[in-house]
Structure formats: C-alpha cells, structure tokens
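Got your viewer open and ready? Let's take a walk through this model one selection at a time, and you can click along as we go.

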Amino acid sequence: HQAVEEVLSTIEEEYNKHPEFEKANLIERLCIPDRVYQFRVTWMDDKGQIQTNMGYRVQHNNVIGPYKGGIRFHSSVNLSILKFLAFEQTFKNSLTTLPMGGGKGGSDFSPRGKSDAEIMRFCQAFMLELNRHIGPDTDVPAGDIGVGGREVGYMFGMYKKLTHEFSGVFTGKGLEFGGSLIRPEATGFGAVYFLQHMLHNHQADLDIKGKTVAVSGFGNVSWGACVKATELGAKVVAISGPDGVIYNPNGMTKEKLDYMLELRATCNDVVAPFAEKFPDATFIPGKTCAFQNEMSKEDAEELIANGTWCCVEVSNMGCQPGAIEAFQKARILFAPGKAVNAGGVATSGLEMTQNAMHLSWTAKEVDEKLHGIMDAIHASCVKYGTQEDGYINYVKGANIAGFMKVAEAMLAQGII
C-alpha cells in the first residue's frame, strides 16, 4: 500500500489531464500484478536433514518489455514485500528508457551461515520450479539482497541443464558466461552519476569533490557507491551493516574498499570486523541498514539538524513517507530509489542486449551508456518534478516519468 500510495499521490495532477486513462481503468490494472507464482522449495542441508522454504515470482507488468527484476533470498521475504518491489520495479525499468517490464522474486531462505554446498542445493531446488516461468524474452531475473554472482551462477547453471539451452535468462552472470563488465558496480556507480547531475543542476559549479559522504550498507551497491564517490574526490566517512555503523573519519582507501568485498564474501552479514582491521575506524552498534523503510521521520530530522543538505535513496524505498516529507519540507536535495538505483537494472538491460547480440562491450562502452541513461533519467525527473518555486520534487518527477510511458503503452495495446 505504501508504494502504491506514494506513486498515486504524486501522479494525480498529471493523471487528471488524461481522461482516457480513467476510461481504461489504468490505475486498478497497474496495481494488480499480471500473475504471481508461489511454490514450495525443498532441499537437503549438510546434516542430511530436509528443509523447506517458500519461493515466489511476481510478474507485475510486461507492457514495455519482458518482466525484469531481482531475486531476493532473505528471511523477511514474503509475498507482500515482493509485490511492492515488483510494482516499484515496473516504473524504475520504465525510467531507464530500455524495453523492460517489472517483476520481482525470491524466497525466505537466508544464505547467512549456510555452506556453499547448501546454497548450491537450494538454488538448484528453487530453479526446478522457477525455470518454467522465465526465459530471455519472458522474464529475466537478476540478483538482489542475498543473491550475488555465486547464487546467480548456480541458478543459471540449473536453468541451462533443465532447458537444454544457453540463453540470456539471467543478468548479473559471471563474465565467463555472458555477464557484463561494470554490472557489479553499476547500481552504486549509477547512484553517484545521478547525484552528480543533481548537484550540477542545483548549481553549475557544485561537485561531489571535497564533499563528506555517509553511505548506508556495505554490500555490493554500497561498495560501488563508495568506489565511485572516492574516485571523484569525496570523503566517505561512514558505512553500515545490520549490526551497526562504521565511522571512518579519514575516508576510504583502496585497501578499505577491497576489504568491503571480503566482508560481503564471508556471508556473515556483519560490518564490525572493518573497525578491527582498520584502527582509524570505529564501530558503533546500531540498527538494520539499506533496507525498505530504514529511515524514519525522526532520523531525517536529525540528519537535517546536523547539516545534511542532500540525500539520495539507493535502496528500494529506504525512506518512510515521513522522512521524505521532512526532506522536502526542509527543501534539501532528495531523490528516490527508483531513479537513483536504476543504474543497476539499466546495466542488466545492457547485459541482455549483449547476450541477444552475442557480443561483449568494453567497460568503457558500458560505462558511457550507463552515464547516458542516468543523465536521461535525471532529465525526466527534472521535466516532471520542477515546481513553480524552482524546487525539484524528484519523487514526483520520477513517478510521473515512469508512469506515463507504461500508461501510454497499456492504452496502445488495448484492454488485455
């Protein structure tokens, strides 16, 4: 409901200019997924005991392209969360300018504390059912929380064995079997590119160089954002994990950035060891990070009081509605996840294109295309989100831009 309310409240003015949308009952049709698959996943652990989890795939809307969205393995996963993520994904994918619909999937299986063999067996069991519902021109999953290159590799391998075909059915694959350069970094890189556009649009000579940055999370996306922000001259003074926050006053070094990857690879999902390895950093126990509804109104108000003047949401709906209202009321620069983190799925789209063409682009070519896509997304947000007083409501801009493309495609394709 939160995702739907946020979108509908911001598109109302534009929607009312188009009576044909109401006549076609577009809103109700857009709020209900095309279809939902729910299934049991049974697998054996290392002790020989049989375990059971639930698996899901929500195919929300394919009006502008094949369903596209990540697979999440986390104990919190349920159908409600995946439906909201698939709804968000539909508009995010529309923003990228690439032909991709919206979907999301996953399981309440948690890789944390599991052996490689257990994760492989689970991924294979999961794919025994999911393989019937996906395909390179039907539904193309990718990674998400709890699903990285290892898990994608196991699922892709099982899909290939079951279908007897090698196709671009997954994105986020290894470079050796159809993956794209820049994909692991893409979401974080794209977020920083979007931030740069926001700064330049706000003030021509404003730049991330020399700015102090705090990043929520320490996984793949946070790592990419830290790498690019550091490369462009910013000082990243904080990262965080489910166990708490790392205060890193001296900024990031190559050694620290490399260690972020090591920490994630352990699958222990804790960030405290960072402070043990680097004496200039301090660990402060805290709450869950880089997750939906992470930031409350009170958190936002504290950030504003401490002098924060720009906040970009890179996780999916990381801010509660009260937090967004607080940022906008204070007139600080704020942009939503569906625009800021679209670089990840955009590069997945570029991976799909490379697979379809049976070729590989260089890192420079992919990065240039990612730059162009984030520039186009920012321009769309500005077009639809600029208010009379000059303040840019990026939430409104992103929602309207994403909605209009989907709505017009639905109208063109008839009542189906």
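Start by selecting β5, residues 139–142. Both faces of this strand are covered. On one side you'll find D139 and P141, on the other V140 and A142, and all of them are buried. Before you click further, keep in mind that this is a predicted model, not an experimental one.

**Next to β5: strand β3**

Now add β3, residues 67–73, to your selection. β3 and β5 run parallel and are joined by four bridges. You can pick out bridge partners by eye: K68 goes with V140 in β5, and G69 goes with P141 in β5.

How many of the residues of β3 are buried? Seven of the seven, so this strand is largely enclosed by the rest of the structure.

**On to β4**

Keep β3 on screen and select β4, residues 102–107. These two strands also pair in the parallel sense, this time over three bridges. To see where they meet, click I71, which stands opposite G105 in β4.

**Then β2, running the other way**

Next, select β2, residues 50–61. Here the direction changes: β2 and β4 run antiparallel, with six bridges joining them. Try Y56, which stands opposite G106 in β4.

While you're in β2, click Q59, which sits in this strand. Is Q59 buried or exposed? With a relative accessibility of 2%, Q59 counts as buried, because the cut-off for buried is under 20%. Now draw a distance from the C-alpha of Q59 to the C-alpha of G105: the two are 46 residues apart in sequence but 8.4 Å apart in space.

**Zoom out to the whole sheet**

Show β1, β2, β3, β4 and β5 together. They make an open sheet of five strands, in the order β1-β2-β4-β3-β5, and the pairing is mixed. Which strands stand at the edges? They are β1 (35–44) and β5. Each has a single partner strand, so one side of each is left without a neighbour in the sheet. Turn the view to look along the strands and you can follow the twist, which averages 20° from one strand to the next.

**A second sheet**

Hide that sheet and bring up β6, β7, β8 and β9. These four strands form another open sheet, in the order β6-β7-β8-β9, again with mixed pairing. The edge strands here are β6 (212–214) and β9 (282–285), and each of them pairs on one side only. From one strand to the next, the twist averages 15°.

For a closer look, select β8, residues 244–247, along with β9. The two pair in the antiparallel sense over four bridges. Click V245 and look across to β9, where I284 stands opposite.

**Two helix-side stops**

Go back towards the start of the chain and select helix α1, residues 2–15. Q2 lies in this helix. Q2 has a relative accessible area of 26%, so it counts as partly exposed. Now select N293 as well: Q2 and N293 are 291 residues apart in sequence, yet their C-alpha atoms are 10.0 Å apart in space.

Then move along to N25, found in the loop between α2 (19–23) and α3 (26–31). N25 counts as partly exposed too, at 36% relative accessibility. Measure across to F170 with your distance tool: the C-alpha atoms of N25 and F170 are separated by 33 Å, and the two residues lie 145 apart along the chain.

**Check the cysteines**

Select C123 and C226. C123 counts as buried, at 0% relative accessibility. C226 is buried as well, with a relative accessible area of 0%. How many disulfides does the structure hold? Zero.

**Last stop: a pocket**

Rolling a probe the size of a water molecule over the atoms shows where empty space is left. For the final view, find the second largest pocket, which holds about 440 Å³ of space. It is lined by 23 residues, and the closest to its centre are G168, M352, Q354, N355 and A356, so select those to land in the right place. What is the lining made of, by class? It has 11 nonpolar, 10 polar and two charged residues. Colour the lining by class and you can look for each group yourself.

Technical notes
Residues are numbered from 1 along each chain as its sequence is written. This is a predicted model: local features need pLDDT of at least 70, side-chain atom pairs count only at pLDDT 80 or more; totals for chains, interfaces and linings use all residues. Side-chain values use heavy atoms; hydrogens and water are left out. On a 1 Å grid over the protein atoms alone, a cavity is a set of points where a 1.4 Å probe fits but cannot get out, and a pocket is an open set with protein on both sides within 12 Å along at least five of seven lines; lining residues have an atom within 4 Å of a point. Grid points are joined across faces, edges and corners, and a volume is the space filled by probe spheres set on the points. Ala, Val, Leu, Ile, Met, Phe, Trp, Tyr, Cys and Pro count as nonpolar, Asp, Glu, Lys and Arg as charged, and the others, Gly among them, as polar. Two strands pair if DSSP finds at least two bridges between them. Axes are lines fitted to C-alpha atoms, for helices over the stretch in contact, and angles run from 0 to 180 degrees between N-to-C directions. A disulfide is a pair of cysteine sulfur atoms within 2.5 Å. Buried means under 20% relative accessible area, exposed over 50%, partly exposed in between (1.4 Å probe, protein chains only).
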